[in-house]
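Me: I should like to go through some of the secondary-structure packing in this chain. Please keep in mind that the model is predicted.

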Amino acid sequence: MLKIKQELLAGLATALDALSPGAGAKAAFESPKVAAHGDFAVTAAMQLAKPLKLNPRQVGESLRTALLEQPVYQQWVSDIDIAGPGFINIRLKPAAKQQIVKEVLEGGERFGMAPSNGQRLMVEFVSANPTGPLHVGHGRQAALGDAICSLYQTQGWDVHREFYYNDAGVQIGTLANSTQLRAKGFKPGDPEWPEAAYNGDYIQDIANDYLARKTVHSDDREFTASGDVDALDDIRLFAVAYLRHEQDLDLQAFAVKFDHYYLESSLYTSGKVDATVQKLRDAGKTYEQDGALWLKSTDYGDDKDRVMRKGDGSYTYFVPDVAYHISKWERGFTKVINIQGTDHHGTIARVRAGLQAAGVGIPEGYPDYVLHTMVRVVKGGEEVKISKRAGSYVTLRDLIEWTSKDAVRFFLLSRKPDTEYTFDVDLAVQKNNDNPVYYVQYAHARICSVLASWGGDPATLSGVDLAALESPAAQALMLLLAKYPAMLADAARDFAPHDVTFYLRELAASYHSYYDAERILVDDEAVKLARLALVKATAQVLHNGLAVLGVSAPQKM
């Protein structure tokens, strides 16, 4: 059906060009607002009416006549109606819709995926400093980042996942001090305990392992504790490695893998920060005032110039960000997406200004940003704010242990990133149609059960006769299957994995309706095989869509 759609679009373009030269370039099909009106809608008649100085319905009639004269429309289209002020509604023959079943079964796991485009994309996400366990906000970011990576992979991009974190600075100093105090026997509430210290039980765990002289491994580092309570630098290095290991466990539980971990400290030790500042100075985009070095960021749309280097000689936090993104560009990533919390909104203008001012060839609008809000967690009808392990927030692992990796991923991806979200733990563990991830997974499992009951070889279904698939329920399901590739492309373009969750819920609903409307394992062999092919294709698309989200497609529930 996808090939047929392209042929029909080409025919529409030809007809539009005949009416108005050049109009064919904008040939497009839309989905009718009411399914009963047709399978494709065309609004070109209303758009051409004014330049052609004709009534839209007249244009529509001319276009209808021209389309019906084309062999491709005669082969695949049953009727074309003109509605309202000039809407053109196209109804396909069942045979046209049936083609999608073969396309899905032949495409298998690659159905919906575009060929390689030769372009490299980096997505930076999570990027949590190693000062504590990952919280549910990090979980939302992990789900978003991983799903956006998968979406772009379906569109042919060479995708690189990167985790950036600060292994020095004030927060890491607080971590080291907190661990040292615990190692010396102090605890929260003691007179010696600072107000700014980290209070979670995990700090005591780090101190205990440090005193035991343990070795910790993480994806990007390893360190053996000396056990010396006065060796603050050793404590800092051990605590960072310990918490990076803990973060790795969180990410493993969430099935997220990164290609590279990038240290903020490396930007300084490699000289990239100093080199970036020099580039900006050489370009004449900085000035000295009040003992500080300023960036002329207002030249690039920022609301005010920004301090780069403070009077004490230290750099403000956006300067290493600029250096980091120049590194991304130099590593060949023509497109970069950053997944961050909405509290980072203020950094966007100054980072982009710095990148433009550096004069290294980076285009405007680089990098792209996806900003997300935090997540409220409700359990037993009440908001949960405290984790004993973390001390002041619900951890990602808490959420996974209370529910499941699949539920957490699906739920956290089910709303636009910048909208507030409340995670209902009780709903996430329910096994009914109110639970969206269960509803979708159950549709897949239900199909697997039907195929198992049949007992035949599913691989043979791609070659069966599909002529029996003529009922309204079957045709509605086939039309929805055909929308999958375009949905993926749109979701990638808009950084919108929530669109995948909406689509999967709609597809599951369509399948459940079809299952209720028609018995699949009937006595008529031709009808049975056609219906089995349709539901096998549906299972494949459910599987593919869930895989984009990092959610499993179970064979039984």
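Me: In which hand, left or right, does helix 12 pass helix 13?

Reply: Helix 12 covers residues 318–330 and helix 13 covers residues 347–357. Their axes come within 9 Å. The crossing of helix 12 with helix 13 is right-handed.

Me: Which residues make the contact of helix 12 with helix 13?

Reply: Helix 13 contributes R350, V351, G354 and L355. From helix 12, the contact is made by F318, D321, V322, H325 and I326.

Me: How many nonpolar residues does the contact of helix 12 with helix 13 have?

Reply: The contact involves residues such as F318 of helix 12 and L355 of helix 13. By class, it has two charged residues and two polar ones, and the nonpolar residues number five.

Me: Why is helix 12 described as oblique to helix 13?

Reply: The two axes cross at roughly 55°. Angles of 65 to 115 degrees would count as roughly perpendicular and those under 35 as roughly parallel. Because the crossing falls in neither range, nor over 145, the relation of helix 12 to helix 13 is oblique.

Me: Which strands stand at the edges of the open sheet with the order 9-10-11?

Reply: This sheet has three strands with antiparallel pairing. Two of them have a single partner strand each, so one side of each is left without a neighbour in the sheet. These edge strands are strand 9 (286–289) and strand 11 (306–309).

Me: Which residue in strand 10 stands opposite Q289?

Reply: Strand 10 (residues 292–295) runs antiparallel to strand 9, and four bridges join the two. Across this pairing, the residue opposite Q289 is A292.

Me: What is the order of the open sheet of three strands that has mixed pairing?

Reply: Strand 15 (382–384) and strand 16 (421–424) are its edge strands, each pairing on one side only. Neighbouring strands are turned by 40° against each other on average, direction ignored. The order is 15-14-16.

Me: Which residue in strand 15 stands opposite V378?

Reply: Strand 14 (residues 375–379) pairs with strand 15 in the antiparallel sense, over three bridges. In strand 15, the residue opposite V378 is E383.

Me: At about what angle does helix 15 run to strand 16?

Reply: Helix 15 is formed by residues 405–412. It lies across strand 14 and strand 16. Its angle to strand 16 is about 155°.

How values were computed
Residues are numbered from 1 along each chain as its sequence is written. This is a predicted model: local features need pLDDT of at least 70, side-chain atom pairs count only at pLDDT 80 or more; totals for chains, interfaces and linings use all residues. Side-chain values use heavy atoms; hydrogens and water are left out. Two strands pair if DSSP finds at least two bridges between them. Axes are lines fitted to C-alpha atoms, for helices over the stretch in contact, and angles run from 0 to 180 degrees between N-to-C directions. Contact means heavy atoms within 4.5 Å. A crossing is left-handed if the near helix is turned anticlockwise from the far one by less than a right angle, and right-handed if clockwise. Ala, Val, Leu, Ile, Met, Phe, Trp, Tyr, Cys and Pro count as nonpolar, Asp, Glu, Lys and Arg as charged, and the others, Gly among them, as polar.
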